[in-house]
Amino acid sequence: MKNLYIDFDGVIMDTITSSYQMMQEIGIDGKDYSKVVNFYKNLDWKEFLEEADEIHDAYKEINCIVDSGYFNVNILTHVTSLGEAEAKINFIRKKLHEITIITVPKSIDKTKMVNAKNAILIDDYSGNLKKWIEAGGIGVKFALKEKGKEYPVIDHLEQIIDFVNEVNEVNV
Ligand SMILES: [Mg+2]
């Protein structure tokens with residue numbers, strides 16, 4: 001089985017669009033990194049997650065990925081506070097049972113938390129994928145609009161099953 005790590009924000013739940021809208025409304029510049037982190041630190045994540053939209057059928061598709069038997073499935077998500085970690089773990093655990101949930105402090109790279117070697121990361125942020133590949137992992141970009149340039153792109157999580165099958169066929 002291959003180790004598969006799936007990002008949460010912008011891949012499973014559309015927390016990005018709604019949080020940036022909220023920031024805009026209260027006059028926070030989305031490019032001001034420390035203000036953005038502060039906003040996320042102070043956010044009521046429990047309430048925020050209840051109102052956020054799921055992207056496509058993410059939970060159903062993750063269950064399909066688990067059922068395929070090809071992957072050891074983990075959610076790997078950055079957090080800005082213990083409250084955010086707690087809210088995310090409680091929220092995800094209600095929807096998914098047979099997966100591992102790993103929360104990573106925002107200041108720590110995902111590759112410092114888990115062993116990326118030969119593992120797949122599905123992430124919407126290219127910066128994470130770049131570091132993942134440098135650490136010997138396989139990066140797959142989750143994007144609803146853009147086409148693949150630097151990284152293979154998927155817009156539905158269960159497409160990872162076909163992606164791995166195709167890679168295996170090429171390597172046979
Ligand atoms: Mg993300």
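This report describes the metal site, a helix, the internal spaces and several individual residues of a predicted model.

## Magnesium site

Three aspartates supply the protein donors of the magnesium ion: Asp7 and Asp124 through OD, and Asp9 through O. These donors lie 2.1 to 2.2 Å from the ion. In sequence, the donor residues follow the spacing D-x1-D-x114-D. Asp7 and Asp9 are both buried.

## Helix H7 and its surroundings

Helix H7 spans residues 126-134, and Asn128, Leu129 and Trp132 are buried within it. These buried residues lie on the same side of H7, because they cover an arc of only 100° around the axis.

The cover over the buried residues of H7 includes four strands, namely S1 (2-6), S4 (71-79), S6 (120-123) and S7 (138-142), together with helix H6 (110-113). After H7 comes Gly136, which has a positive phi near 95°.

## The largest pocket

The largest pocket holds about 710 Å³ of space. Its lining consists of 26 residues, of which Ile16, His78, Lys106, Tyr125 and Asn128 are the closest to the centre. Two or more lining residues are given by each of helix H1 (15-25), helix H2 (33-42), S4, helix H5 (82-95) and H7. The largest share, four residues, comes from H2.

By class, eleven residues of the pocket lining are charged, ten are nonpolar and five are polar. Asn128 links this pocket to the helix described above: Asn128 is among the residues closest to the pocket centre, and Asn128 is also one of the buried residues of H7.

## The largest cavity

A search of the whole structure finds one cavity of 30 Å³ or more. The volume of the largest cavity is about 30 Å³. Its lining is formed by Val11, Ile55, His56, Asp57, Ala58, Glu61, Phe142, Asp155, His156 and Leu157. In terms of class, five of the lining residues are nonpolar, three are charged and two are polar. Phe142, one of these lining residues, belongs to strand S7 (138-142), which is part of the cover over the buried residues of H7.

## Residues with positive phi

Most residues other than glycine have a negative phi. His56 is not a glycine, yet has a positive phi of about 45°. His56 is located in the loop that runs between strand S3 (53-54) and helix H4 (58-68). With a relative accessible area of 37%, His56 is partly exposed. His56 also contributes to the lining of the largest cavity.

Asn118 likewise has a positive phi, of about 60°, although Asn118 is not a glycine. Asn118 is placed in the loop between H6 and S6. Its relative accessible area is 48%, so Asn118 counts as partly exposed.

## Pro105 at strand S5

Pro105 is part of strand S5, which covers residues 100-105. The relative accessibility of Pro105 is 39%, and therefore Pro105 counts as partly exposed. Setting aside neighbours within four places in sequence, Pro105 makes contact with His78 and Val79. One of these contact partners, His78, is among the residues closest to the centre of the largest pocket.

Ala85 lies 20 residues from Pro105 along the chain, and the C-alpha atoms of Pro105 and Ala85 are 9.0 Å apart.

Technical notes. Residues numbered from 1 in each chain as written. Predicted model: local features only at pLDDT ≥ 70, side-chain atom pairs only at ≥ 80, totals over all residues. Heavy atoms only, no water. Donors = N, O, S within 2.8 Å, 3.2 Å for Na, K, Ca; no water. Buried < 20%, exposed > 50% of the residue type's maximum accessible area, 1.4 Å probe, protein only. Contact = heavy atoms within 4.5 Å. Arc of directions from axis to C-beta. 1 Å grid on protein atoms, 1.4 Å probe; cavity = no way out; pocket = protein on both sides within 12 Å on 5 of 7 lines; lining within 4 Å. Points joined across faces, edges and corners; volume = space filled by probe spheres on them. Nonpolar A, V, L, I, M, F, W, Y, C, P; charged D, E, K, R; others polar.
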